[in-house]
Amino acid sequence: MSTVLSSIALRPAGTADTSAIAALHAASWKLAYRGLVSDGFLDEGLEEGRLAHWLVRMATLPAEDLVMLAEDPQASMLAGFVYVMVAGQPEGHAYVDNLHAAPMLKGRGIGRRLMAAAALHAMAAGCHTLSLTVLEGNLAARAFYDRLGGMTQPIGEFSFGGAMVPECRVSWPDLKALLAACGKQGMDAAQAAGASTDFGSR
Ligand SMILES: CC(C)(COP(=O)(O)OP(=O)(O)OC[C@H]1O[C@@H](n2cnc3c(N)ncnc32)[C@H](O)[C@@H]1OP(=O)(O)O)[C@@H](O)C(=O)NCCC(=O)NCCS
């Protein structure tokens with residue numbers, strides 16, 4: 001069992017959070033993707049590229065989608081974020097496009113909380129299934145998804161960071177099982193952030 005941070009709270013992101021999200025995204029890729037993509041991609045203009053990406057994304061975020069932040073009130077830096085896409089996905093399906101815990105705070109339950117928030121948001125939007133893609137060589141993230149019961153399968157090579165990189169799809173055919181795997185800690189944090197648990201008859 002990882003050491004859990006009890007002070008972490010979740011809240012939906014707004015446009016004022018764009019710079020912080022972009023900075024964490026770049027910092028996380030620099031560490032997690034080192035050796036998996038070229039150093040040039042990670043070391044030259046990554047911060048500017050992520051900021052440009054998130055400026056567009058946050059300004060055009062569909063109402064069905066969610067960017068959820070994890071914050072530690074005692075820290076100045078963002079503790080984590082997840083982006084859940086519902087708009088444009090197949091009926092009943094949600095896609096997690098980004099999930100990052102701050103490098104210094106990995107292994108403290110932030111990923112678990114954010115995945116619970118993603119699952120709750122997807123369920124409230126009428127989804128039953130969820131998936132994401134992960135670099136095949138990102139063994140740490142794959143271990144995390146395994147721990148949450150995700151089913152992993154290789155899906156071939158994709159152009160990323162100027163090279164072809166093998167990727168896997170991780171799927172959860174049952175969102176309730178994903179929520180259960182996130183545990184009470186994850187569920188409590190997601191609910192405290194306002195994620196709905198009223199799924200009606202869906
Ligand atoms: C992947 C990531 C989001 C996980 O978040 P996290 O806050 O570190 O994970 P948690 O603390 O919530 O861990 C939940 C469970 O997964 C397990 N886990 C997490 N990282 C693990 C690892 N590297 N190896 C084995 N198990 C791991 C934990 O042990 C924990 O289980 P436990 O409570 O039974 O001990 C985070 O490590 C991260 O941001 N990585 C870099 C960015 C990245 O690769 N994102 C995914 C892109 S697809």
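**A friendly note on the predicted model**

1. Helix H5 gives the most to the shell around the ligand, contributing five residues. Keep in mind as you look that this is a predicted model. H5 covers residues 139-147, and two of the residues closest to the ligand, Ala 140 and Ala 143, carry numbers in that range.

2. Now look at the rest of that shell. In total, 22 residues surround the ligand, and Lys 106, Gly 111 and Arg 112 are also among the closest. Which elements supply at least two shell residues each? They are helix H1 (18-32), strand E4 (93-101), helix H4 (110-124), strand E5 (129-135) and helix H5. Sorted by class, the shell holds eleven nonpolar, seven polar and four charged residues.

3. Step back to the whole chain. It has six helices and seven strands, and along the sequence they come in the order β-α-α-α-β-β-β-α-β-α-β-β-α. The radius of gyration is 16 Å, close to the 17 Å that the globule rule gives for 202 residues, so the chain is as compact as a globular protein of that length. The C-alpha trace spans about 50 × 40 × 40 Å along its principal axes.

4. Next, how the chain packs. Of the 202 residues, 34% are buried. Take the contacts between residues at least 6 apart in sequence: 69% of these join residues at least 24 apart.

5. The nonpolar core deserves a visit. In soluble globular proteins, nonpolar side chains tend to be buried together. Here the largest nonpolar core has 54 residues, and Met 68, Phe 81 and Ala 119 have the most contacts inside it. Helix H4 provides the largest share of this core, ten residues, and H4 also supplies at least two residues of the ligand shell.

6. Try selecting Met 68 in the viewer. Which residues does Met 68 touch, leaving out those up to four places away in sequence? The partners are Leu 10, Pro 12, Ala 13, Phe 81, Val 82, Leu 114, Ala 117 and Ala 193. Phe 81 appears again here, having already been listed with Met 68 for its contacts inside the core.

7. Strand E7 (residues 163-172) is a good place to practise reading strand pairing. E7 runs antiparallel to E5, joined by six bridges, and Ser 131 has Ser 171 in E7 as its bridge partner. E7 also runs antiparallel to strand E6 (residues 151-160), this time with nine bridges. Across that pairing, Pro 154 stands opposite Cys 168. E6 and E7 form a hairpin with two residues between them, and Gly 161 in the turn has a positive phi of about 60 degrees.

8. Two helix residues make a useful exercise in exposure. Is Ser 19 buried, exposed or partly exposed? Ser 19, in helix H1, has 15 C-beta neighbours inside 10 Å; a residue needs 20 or more to be buried and 12 or fewer to be exposed, so Ser 19 counts as partly exposed. Ala 180, in helix H6 (residues 175-192), has 16 such neighbours and therefore also counts as partly exposed.

9. Finally, set separation in sequence beside distance in space. Ala 180 and Ala 116 are 64 residues apart along the chain, and their C-alpha atoms are separated by 8.6 Å. Ser 19 and Gly 35 are 16 residues apart in sequence, with 26 Å between their C-alpha atoms.

How values were computed:
Residues numbered from 1 in each chain as written. Predicted model: local features only at pLDDT ≥ 70, side-chain atom pairs only at ≥ 80, totals over all residues. Helix = DSSP H or I, 4+ residues; strand = E, 2+ residues; numbered from the N terminus. Rg over C-alpha atoms; globule rule 2.2 N^0.38 Å. Contact = placed C-beta atoms within 7 Å. Near = placed C-beta within 6 Å. Nonpolar A, V, L, I, M, F, W, Y, C, P; charged D, E, K, R; others polar. Core = buried A, V, L, I, M, F, W, Y, C linked by C-beta atoms within 7 Å. Pairing = 2+ DSSP bridges.
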